[in-house]
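Work through these exercises with the structure open beside you. Try each task before reading its solution.

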Amino acid sequence: MKSERKYVVPCGKCRTKVYCIQCIKQWYPKMSELDVAEICPFCRRNCNCSVCLHTSGFIETSKINMTDCEKVEHLRYLMVSLLPFIRQICEEQTQEIEFEASIQRVHSSKVGVSETLCGNDERVYCNHCATSIIDLHRSCPKCSYELCLTCCKEICEGRLSGRAEMKFQYVNRGYGYMQGGDPLPESCLHQTPDVHVEPSVMWSADDNGTISCPPTEMGGCGDCVLELTRILPDRWISDLEKEARDLVLILDNKLTNLRQNRAETGTDMLCKAASREGSDDNLLYCPDSTKIQEDEELFRFQKHWIKGEPVIVRNVLDKVTGLSWEPMVMWRALCENVDSEVSSKMSEVKAIDCLASCEVEISTRQFFKGYTQGRTYDNFWPEMLKLKDWPPSDKFEDLMPRHCDEFISALPFQEYSDPRAGILNLAVKLPSGVLKPDLGPKTYIAYGVAEELGRGDSVTKLHCDMSDAVNILTHTEEVLLTEEQHSAVERLKKEHRAQDLKENLVQDGMDESIEEPNSDNNKEDTDVSEINDSELLPSGIRGEFKMSRDEMQGTAFTCPHSEGTMVESGGALWDIFRRQDVPKLEAYLRKHFKEFRHVYCSPVEQVISEKSELCFNMSDGLIFLTSYALFLLGHSSNS
């Protein structure tokens with residue numbers, strides 16, 4: 001080792017930088033000594049030294065060069081797309097003011113709406129449904145309970161949807177139980193999870209239409225009438241709607257139909273992702289980043305994006321400098337931070353133990369070592385850990401500036417995805433001083449093995465994302481199990497199966513039939529005991545694209561309002577279901593929930609289902625708020 005430090009390789013280009021043999025092997029494993037001698041990492045702009053890793057501005061992140069005419073066309077397209085939403089907000093506010101005028105028995109022009117005290121760094125939420133409040137809402141003058149206009153309307157119409165909060169406390173029956181053995185003696189006293197249900201209280205408007213603050217059981221004080229208040233200046237929304245409408249007319253609101261007047265998507269940019277019979281959406285738009293012609297492909301992207309289809313962009317890392325996403329390089333960037341306090345905080349992480357579904361503390365170095373070499377429990381069962389939304393801060397750009405620049409420069413369709421200058425990214429348009437959503441980027445780092453374990457796999461549970469997302473697979477690592485581990489896994493799987501049978505978590509012979517769940521979402525009337533699984537379970541889109549491990553690395557997944565990621569063959573495997581299949585998924589889960597396990601591998605005793613339309617109707621239009629994530633995944637791991 002010491003002899004390797006005696007020998008250095010000078011750069012033949014700059015003739016100033018030199019790299020020792022040991023550093024080349026440790027920090028640039030994909031580069032040979034000849035590669036370094038020809039053009040050193042610093043000249044290639046992918047140097048992994050501490051100084052370079054904490055320096056931004058090496059590369060140009062935005063790759064969009066537009067003429068003034070192109071900017072005008074994009075902005076007009078943005079205004080035409082957003083105008084219906086602004087008009088809807090304006091109409092809702094006008095209706096609420098007229099309703100308030102009827103309560104006060106005055107003309108709507110005489111209604112005074114007080115301004116709420118809200119700082120620029122504060123986001124206002126509805127205390128009942130937790131939806132962000134844009135402007136007009138009702139507030140309690142005593143306890144500051146706040147209610148959005150949608151909930152106000154539901155209360156006045158007597159159809160307020162319930163929001164009973166259920167808190168589950170699962171019993172830790174011990175590690176032996178999680179691996180198919182007997183529970184700890186003291187845990188037998190608590191055979192089922194402790195379920196705490198918040199009481200549901202009837203809440204209705206008074207005879208004159210006023211809404212009182214809810215009782216303390218629902219988070220209010222119950223003493224005052226909710227008053228109409230605003231966040232923005234008076235008539236700001238209505239003035240904005242008028243200005244936008246007039247500006248669109250000036251720019252000629254006969255917007256070119258981009259989807260019809262542009263070339264159709266070629267078959268070479270489509271890949272089969274599903275095999276649904278009688279369906280025209282089995283193919284996904286899958287362009288190659290190196291072959292994208294910006295103008296044409298942007299319109300093709302919009303054609304698929306507006307329909308809510310996932311888009312897969314291949315080889316996005318081929319267009320960047322090649323900065324290393326090796327785990328130890330990222331560890332170096334964080335733990336060798338020039339700020340000693342930040343370095344100390346980053347020296348340990350709180351990871352998720354996928355077997356117990358609980359947080360565990362581990363040193364950052366040991367976590368990354370386990371990512372590349374694997375970790376096992378004492379019985380040789382693979383230990384699956386994962387990090388989500390890491391680093392635990394919205395300052396990724398400050399902690400890892402060089403990686404942040406590299407990531408942003410790799411983003412496809414930067415008109416939408418560039419968080420700094422994307423002309424069609426709404427977050428960029430928000431004025432300075434206004435609290436913006438945390439767009440990331442964040443890292444998702446997960447262990448994994450080639451075979452599915454059945455318990456403790458590092459999977460993301462089925463869920464619905466509330467905003468669009470761009471995900472880039474930046475790194476994979478192959479971890480092979482030994483023969484001893486394979487034998488232990490097979491033996492323990494049998495014990496898991498026996499435990500499932502003992503606890504009645506396995507249901508066989510289901511061939512009953514059921515009608516389609518009612519379109520009015522009346523789930524209580526559905527007899528889940530009669531569900532035919534073959535008819536019920538929808539066929540989702542799967543990311544089983546025929547790519548090699550190297551081809552999958554550097555692929556960008558842009559998925560509108562959907563996320564469900566798993567990995568196969570060193571890449572990312574996604575199960576994405578269509579919006580119209582949500583009722584089927586919910587019905588399937590209501591029937592089969594007893595077959596699943598959750599925290600501490602405890603059987604699931606109850607399933608809670610919110611109204612799906614609350615989150616899925618958001619994706620009926622164009623939503624340009626985009627969040628970002630990057631993956632570092634163990635071989636065939638599930639993120």
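**Exercise 1. Find the members of the nonpolar surface patch, then place Leu462.**

Solution. This is a predicted model. The patch is formed by Leu462, Leu589, Phe596 and Val607. Together these four offer about 310 Å² of accessible area. Now locate Leu462. Leu462 sits in a loop. That loop runs between β15 (442–446) and β16 (468–477). Next, classify Leu462. Its relative accessibility is 48%, so Leu462 counts as partly exposed. The cut-off for exposed is over 50%.

**Exercise 2. Describe the surroundings of Phe99.**

Solution. Start with the element. Phe99 belongs to helix α5, residues 68–104. Then take the exposure. Phe99 has a relative accessible area of 30%, so it is partly exposed. Now list the contacts, leaving out residues up to four places away in sequence. Phe99 touches Arg138, Cys156 and Gly209. Finally, compare sequence and space for one of these pairs. Phe99 and Gly209 are 110 residues apart in sequence. Their C-alpha atoms are 8.3 Å apart.

**Exercise 3. Determine which residues of helix α6 are buried, and what they pack against.**

Solution. Helix α6 covers residues 149–156. Its buried residues are Leu149, Cys151, Cys152, Glu154 and Ile155. Buried means under 20% relative accessible area. The buried residues of α6 pack against helix α5. They also pack against two strands, β4 (137–139) and β5 (146–147). Look past the helix next. Gly158 follows α6. The phi of Gly158 is positive, near 70°.

**Exercise 4. Work out the strand order of the open four-stranded sheet, then trace its pairings.**

Solution. The order is β3-β8-β4-β5, and the pairing is mixed. β3 (114–115) and β5 are the edge strands; each has a single partner, so one side of each has no neighbour in the sheet. Take β3 and β8 next. β8 spans residues 227–230. The two strands run parallel and are joined by two bridges. In this pairing, Ser114 stands opposite Thr229. Glu115 has Arg230 as its bridge partner. Now turn to β4 and β8. They pair in the antiparallel sense, over three bridges. One partnership links Ser139 with Glu227 in β8.

**Exercise 5. Count the disulfides, then examine Cys14 and Cys20.**

Solution. Apply the cut-off first: two cysteine sulfur atoms must lie within 2.5 Å. By this rule there are zero disulfides. Cys14 is in none, and the nearest cysteine sulfur, in Cys11, is 3.6 Å away. Cys14 has a relative accessible area of 25%, so it is partly exposed. Now check Cys20. Its closest cysteine sulfur is that of Cys23, at 3.4 Å, which is too far for a bond. Cys20 has a relative accessible area of 12%, so it is buried.

**Exercise 6. Give a profile of the whole protein chain.**

Solution. Begin with the elements. The chain has 22 helices and 21 strands. Then take burial. The chain has 639 residues, and 46% of them count as buried. Next, consider contacts between residues at least 6 apart in sequence. Of these, 72% join residues at least 24 apart. Last comes the surface. The chain exposes about 33200 Å². Carbon and sulfur atoms supply 49% of that area.

Terms used:
Residues are numbered from 1 along each chain as its sequence is written. This is a predicted model: local features need pLDDT of at least 70, side-chain atom pairs count only at pLDDT 80 or more; totals for chains, interfaces and linings use all residues. Side-chain values use heavy atoms; hydrogens and water are left out. Patches are made of residues with over 30% relative accessible area and no salt bridge: like charges are joined within 9 Å, nonpolar side chains (Val, Leu, Ile, Met, Phe, Trp, Tyr) within 5 Å. Accessible areas come from the Shrake-Rupley method with a 1.4 Å probe; for residues, only the protein chains shown count as cover. A salt bridge is a side-chain nitrogen of Lys or Arg within 4 Å of a carboxyl oxygen of Asp or Glu. Buried means under 20% relative accessible area, exposed over 50%, partly exposed in between (1.4 Å probe, protein chains only). Contact means heavy atoms within 4.5 Å. Two strands pair if DSSP finds at least two bridges between them.
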